[in-house]
Amino acid sequence: GASDDAVSCAVMLEILNTLSKSSEPLQHAVIFLFNGAEENILQASHGFITQHEWAKSIRAFINLEAAGVGGKELVFQTGPENPWLVQAYVVAAKHPFASVVAQEIFQSGIIPADTDFRIYRDFGNVPGIDLAFIENGYIYHTEYDTSDRILTDSIQRAGDNILAVLKYLATSDKLAKSFEYRHGNVVFFDVLGLFVLAYPARVGTIMNYITAAIAFLYLSKKVLQPRTRAIHNLKKFFTAFSLTLISWVCTLVTVLIVAVFISVIGRSLSWYTHFYVSVFLYGTAAAAKLILVHTLAKKFFYKNMNEQYLGDIFFDASLMIWSIALAVITQMGLCSAFICTLWVAFPLLTKLMIHKEFSQKGASMKFVMMYMLGMFVPYLYMMYLSWTVFEMFTPIMGRSGSEILPDVVLAGFIVVITMILSSYFINFIYLVKSTKTTLITLTTVFVVTLILVCSGIFFPYSSDAANPKPKRVFLQHTSRRFHDLDGNMVKSDSGIWINGFDYNGISHITPHVPEINDTIRTPCEEQAPFCGLPWILPVHFMFRLVKNWYLPAPEIFPRSPIHFKVLSKELMPWNSMRLSFEVSGPSHMSLYVRPHEGSALSTWSFGDGMPVASLGGDYFVFYSHGLQATPWHFWVELTAPEKHSDGIVSLAIAAHYFFGEDQKTPQLYALLERFPNWTFSSGWSCTYDLFVF
């Protein structure tokens, strides 16, 4: 909890201290909101923005988050719209680190996370800035996230940035009339942490289309001149264009086959602790395959063609691909299209400046130097961006569930980056005499790494005190009771339900705890919602049942058991049935609802009354309360067919004992003690009761 979110609280207190002692007057009031319940599905922020008397006066917010431990804090969300907010960060932040690419990745939903930003945006209609520490996500949300791991430089940096932006906003004229400046999105990105470039998205769109148009104009002039050779040139050009795309597809397919093979043989995540392994395994394979395809094309397809002509035409083919990508991504409305602009504008300028050297025989030193210089900006920025993406995504692969093949995701990333970085170097394959040495070197590195990975020499996890990379495991000591339509208990069992948070499951744990093995895989109770399992959150789609385990264990008897009572059953108009319930139990409970075939859940007493189904069609409600709370009352209303001999709905309730004397049973403690030191395990007790009505 040091990074998420104690360090932000410390920064806020320090800023509060500084501002309160400052003689400089502020034009606008600043609210310091130390809200809790963020991990409890963003409840406190929702309570504040929907119910507090100050909420209506808020014009903007800065949300302090963490997705890692320390390092630089990244601006990964802004707005919606309100470009003046980004401008405030651009002008005021002393050590900027911001990217619209991060914003579009996060808002696409591919990162399994959420922040209070969404609550203020969606329920308060307030724009803001979302900042998060992203370094070392391996230990985020683990016992290793302690204050001694967060460097004072990191805290100082965050404080400098946030205080400067806050002062700027609190003395800004735009804040009072923010609604006048609200329209338009912004393209923004920092340049190596030195400064931020930001401009309106509509300006970006115009720039992008102009850049693409100039490139298309240049290419069409090049291909269609002289007119007598236009058809011949077009054929040659589209052959090079197709070959480039074919080489990319071949590379992607080859590397993904390697990644799937690694996953199937149980060597997934071998790069989790040793990142260089992924580059040596997938990076060399990608580069070797690309070079091989073009070397074969040069040798057999372009047998006696002029090398300079080939180099020139493959450069133009890459320019064409980037120009098309630029036009398409801009058309999709994505601000990240600025990356394509870099990859069109700089290479095109380079080509126009050294076009004479392009036609000279052999790649001279002067030509190579000029070429590299022209490509310097897009290459440098791409390397910088790639590193940021890897720094964020690699640790996420250790907590992305058992459904996603992390090696396939990372291999895909590496292939895409290899394709981008090599796009304007494919032409050199046709300009150099031989690629033999390069191919042999890359293939050797790949084969040696593959053999080492297959042998299991690279253990995925680490308990190194200075730099731990633990495996995450969830354990719930569960007692389950299943009741029929008459209220009789037809089945009950107890066990410790085990979920490994990554693709490897528990294969690495079995040698240490032999009874956790593949013979105790969790069976799905088909008739029950969510397979009859006490999910704390509806994240079942991230975990396959073949990748979680149910170890038989004694029944648990919580000191404060759950009490579940049907208050009434009412027949409503339009053949609907309303069932009212009363529940009392611990502070965290999950309710699962599955209407039977022919029945439908039409309304309920939660939220706006419109039921929202989880993936798979079951309904999930998360309920939490303070230490002292009156019983929970709720109702559900279902439409049902005339005949329903097996009932109209299955309803289950799980009680989670997250703290206090009921949290861990002696059996759970004993099991956790035997887990190896490179694991980080979260354990608690829970009960699950299923009823049919």
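Two strands count as paired here if DSSP finds at least two bridges between them. With that in mind, a good place to enter this predicted model is strand β3, where V75 stands opposite L131. The contact belongs to a set of 6 bridges that join strand β2 (residues 73-79) to β3, the two running antiparallel. Strand β1 (residues 61-66) also pairs with β3, this time in the parallel sense and again over 6 bridges. Within that pairing, I62 has I129 as its bridge partner. Both senses seen around β3 are familiar ones, since strands of a sheet pair through backbone hydrogen bonds, either parallel or antiparallel.

Strand β3 (residues 128-133) is mostly covered, with 6 of its 6 residues buried. The burial extends to both faces of the strand: G128, D130 and A132 lie on one side, while I129, L131 and F133 lie on the other.

Strand β3 also takes part in enclosing a cavity. The whole structure holds 3 cavities of 30 Å³ or more, and the second largest has a volume of about 50 Å³. Its lining includes L131, A132 and F133, together with residues such as L64, E65 and E73. At least two lining residues each come from α1 (2-21), β1, β3 and α6 (152-170), and β3 provides the largest share, 3 residues. By class, this lining divides into 7 nonpolar, 1 polar and 2 charged residues.

The largest cavity, at about 110 Å³, is lined by 15 residues, and L74, S99, A102, L385 and T388 are the ones nearest its centre. Two elements, α4 (100-107) and α13 (365-396), give two or more residues to this lining. Helix α13 contributes the largest share, 7 residues. The lining of the largest cavity comprises 12 nonpolar, 2 polar and 1 charged residues.

Turning to the annotated segments, the unreviewed UniProt entry assigns the label "transmembrane region" to residues 191-219, 240-265, 271-297, 367-390, 410-432 and 439-461. Two of these stretches can be described from the model. Residues 191-219 are 66% helix and 24% strand, with the end C-alpha atoms 30 Å apart. Residues 410-432, in turn, are 83% helix and 0% strand, and here the end C-alpha atoms are 31 Å apart.

Further along the chain, an open sheet of 4 strands follows the order β9-β10-β14-β12, with antiparallel pairing. Strands β9 (563-572) and β12 (600-604) stand at the edges with a single partner strand each, so one side of each has no neighbour in the sheet. From one strand to the next, the twist averages 25°. Strand β10 (residues 576-584) pairs with strand β14 (residues 632-639) in the antiparallel sense over 8 bridges, and S576 stands opposite T639 in β14.

The second largest pocket has a volume of about 670 Å³. Of the 17 residues that line this pocket, W604, F606, G607, F620 and V621 lie nearest its centre. Strand β13 (residues 619-624) gives the most to the lining, with 5 residues. Sorted by class, the pocket lining has 11 nonpolar, 5 polar and 1 charged residues.

Note on methods
Residues are numbered from 1 along each chain as its sequence is written. This is a predicted model: local features need pLDDT of at least 70, side-chain atom pairs count only at pLDDT 80 or more; totals for chains, interfaces and linings use all residues. Side-chain values use heavy atoms; hydrogens and water are left out. UniProt positions are given in the numbering used here, feature names are shortened, and annotations may be inferred rather than shown by experiment. Axes are lines fitted to C-alpha atoms, for helices over the stretch in contact, and angles run from 0 to 180 degrees between N-to-C directions. On a 1 Å grid over the protein atoms alone, a cavity is a set of points where a 1.4 Å probe fits but cannot get out, and a pocket is an open set with protein on both sides within 12 Å along at least five of seven lines; lining residues have an atom within 4 Å of a point. Grid points are joined across faces, edges and corners, and a volume is the space filled by probe spheres set on the points. Ala, Val, Leu, Ile, Met, Phe, Trp, Tyr, Cys and Pro count as nonpolar, Asp, Glu, Lys and Arg as charged, and the others, Gly among them, as polar. Buried means under 20% relative accessible area, exposed over 50%, partly exposed in between (1.4 Å probe, protein chains only).
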